[in-house]
Amino acid sequence: MATTEIITVQRRRKYHWPEAQLNFWLVIVIISSAVLLGVFAYLTSIQNSLKLGIPWILPYMITTSTLCILFIILLLGLISQQQLLPGIVVLGSFILFVLFLTGLIETSIQLYGPSGAVNSYCGSRPNVQVIDSQQTAAWLANQGLCTDWRAAFAFEIVGTVFLLWMMVMAYQVNRDDFE
């Protein structure tokens, strides 16, 4: 009786990521996430020190930006092992895109929403002729908080757009649309 030997050859597909775009994306998204983490942690500490309630957007964006930083660390690990798969990138980017978009919508409501929104307090100045140091310090603190909210809004836009861009880039890598 003759035996037949079956040999299977398994080939691993190599994905060619555009290095410059991927590095640029990684830097911008890590900066955006780090800024959002810092701003919302600072706003949370201010709320705690004033013994005020904490809006849900503050811990939500702290968690979202932390997840994004962890995702970037995972991507860096996969890149170093040359095992970065487009499916992982699309899935992670989509989840983070939805989280960032939700945060962007709520931040815009908090910042520019109905009466009592953060932006309605940003232009106020003391109405006293003689401005003492305590009023000046309060005005500077108010302007700092307004700037923090505006920065958070801007970096949420950047993060949301760049996560969408990463989903498109991963799709193109999967289809070998890059040279």
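## Helix H3 and a nonpolar surface patch

Ile95 is a residue of helix H3, which covers residues 86-112. The model described here is predicted. With a relative accessibility of 46%, Ile95 is classed as partly exposed, because that class lies between the limits of 20% and 50%. Together with Leu91, Phe94 and Val98, Ile95 makes up a nonpolar patch on the surface. The accessible area of these four residues together is about 370 Å².

## Helix H2 and its buried residues

Helix H2 has 24 residues, which at 1.5 Å a residue should span 34 Å. The C-alpha atoms at its ends are 34 Å apart, so the expected and modelled spans agree.

The buried residues of H2 include Ile57, Leu58, Tyr60, Met61 and Thr64. Further along the helix, Cys68, Ile69, Phe71, Ile72, Leu75 and Leu78 are also among them. The buried residues of H2 pack against three helices, namely H1, H3 and H4.

Thr64 gives a particular case of this packing. Thr64 is located in helix H2 and is counted as buried, because its relative accessibility is 2%. Leaving aside residues up to four places away in sequence, Thr64 touches Leu96, Leu99 and Phe100.

## Positive phi angles in the loops

Which residue takes a positive phi in the loop between helix H1 and helix H2? Lys51 does so, with a phi of about 55 degrees, although Lys51 is not a glycine. The loop that holds Lys51 joins helix H1 (19-49) and helix H2 (57-80). Lys51 is classed as exposed, because its relative accessibility is 74%.

Gln82 is another non-glycine residue with a positive phi, here about 55 degrees. Gln82 belongs to the loop between H2 and H3, and this positive phi comes just after H2. The relative accessible area of Gln82 is 62%, so Gln82 is exposed.

## Helix H4

Helix H4 consists of 42 residues, 133-174, and should span 62 Å at 1.5 Å a residue. The distance between its end C-alpha atoms is 60 Å, which agrees with that expectation. Just after H4, Asp176 adopts a positive phi of about 60 degrees.

## Aromatic pairs

How many aromatic pairs does the model contain? The count is six, taking ring centres within 6.5 Å as the criterion. In one of these pairs, the ring centres of Trp56 and Tyr60 are 5.3 Å apart and the ring planes meet at 70 degrees, so the arrangement is edge-to-face. Trp56 is partly exposed, its relative accessible area being 45%, whereas Tyr60 is one of the buried residues of H2.

The pair Phe162 and Trp165 is also edge-to-face, because the ring planes lie at 80 degrees, with the centres 5.3 Å apart. These two residues are three places apart in helix H4, so about one helical turn separates them. Is Phe162 buried or exposed? With a relative accessible area of 16%, Phe162 is buried. Trp165, by contrast, is partly exposed at 29%. Phe162 and Trp165 also belong to a cluster with Phe24, linked by ring pairs.

Note on methods. Residues numbered from 1 in each chain as written. Predicted model: local features only at pLDDT ≥ 70, side-chain atom pairs only at ≥ 80, totals over all residues. Heavy atoms only, no water. Patch = residues over 30% accessible without salt bridge, like charges linked within 9 Å, V, L, I, M, F, W, Y side chains within 5 Å. Areas by Shrake-Rupley, 256 points an atom, 1.4 Å probe, with all protein chains shown as cover. Salt bridge = Lys/Arg side-chain N within 4 Å of Asp/Glu carboxyl O. Helix = DSSP H or I, 4+ residues; strand = E, 2+ residues; numbered from the N terminus. Buried < 20%, exposed > 50% of the residue type's maximum accessible area, 1.4 Å probe, protein only. Expected span 1.5 Å × (residues − 1). Contact = heavy atoms within 4.5 Å. Phe/Tyr/Trp six-rings, centres within 6.5 Å; stacked < 30°, edge-to-face > 60°.
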